[in-house]
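Colleague: I have some questions about the charged pairs here. Please show me how each label is reached.

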Amino acid sequence: MPARLKLLSPDQLATAEAAGDTRALVKHYLAALEVRAPGRSVEVRVPPFAAVQVVPGVRHTRGTPPAVVETDAETWLALATGRTTWGDALDSGSVLASGERTDLSPYLPL
């Protein structure tokens, strides 16, 4: 996993949640997605905090990836924790997904 992403310990996660530390929470849940969906065929972006490549398939190495998921931090945290569903986020336009393998519903919530 990239050095910029790391899974938080249960105590660190509780502290980040209590403090409302969006950056730490986004990075934690992106790291958790990377563990649950290892691969490099889809880039998941949560600007301005981080991006990660996940999901088994053809590896992307240069330029704009052919499969991209992008969302804001609030939606990402809602998806990761089960407060919203993948379908609801797509339908509302809170998630933009293009390319193959961008359906993250099998991996969510984390």
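**Salt bridges and exposure**

Modeller: Arg101 is partly exposed, at 39% relative accessibility. The model is predicted: local features need pLDDT of at least 70, side-chain atom pairs count only at pLDDT 80 or more, and totals for chains, interfaces and linings use all residues. Residues are numbered from 1 along each chain as its sequence is written, and side-chain values use heavy atoms, with hydrogens and water left out.

Colleague: What makes Arg101 partly exposed?

Modeller: Buried means under 20% relative accessible area, exposed over 50%, and partly exposed in between (1.4 Å probe, protein chains only). Arg101 has 39%, so the label is partly exposed. Glu100, with 60%, is exposed.

Colleague: Why is the contact of Arg101 with Glu100 called a salt bridge?

Modeller: The term requires a side-chain nitrogen of Lys or Arg within 4 Å of a carboxyl oxygen of Asp or Glu. The closest N and O atoms of Arg101 and Glu100 are 3.9 Å apart, so the pair qualifies. By this rule there are three salt bridges.

Colleague: How do you know that Glu43, Arg45 and Glu70 are linked in a network?

Modeller: Arg45 meets Glu43 at 2.7 Å, N to O, and Glu70 at 3.8 Å. Glu70 lies in strand β3 (residues 68-71) and Arg45 in strand β1 (residues 42-46), so this pair ties together parts 25 residues apart in sequence. Strands (E, at least two residues) are DSSP runs, numbered from the N terminus.

Colleague: Is Glu43 buried or exposed?

Modeller: Buried, because its relative accessible area is 15%. Arg45, at 24%, is partly exposed, and Glu70, at 31%, is also partly exposed.

Note on methods:
Helix = DSSP H or I, 4+ residues; strand = E, 2+ residues; numbered from the N terminus.
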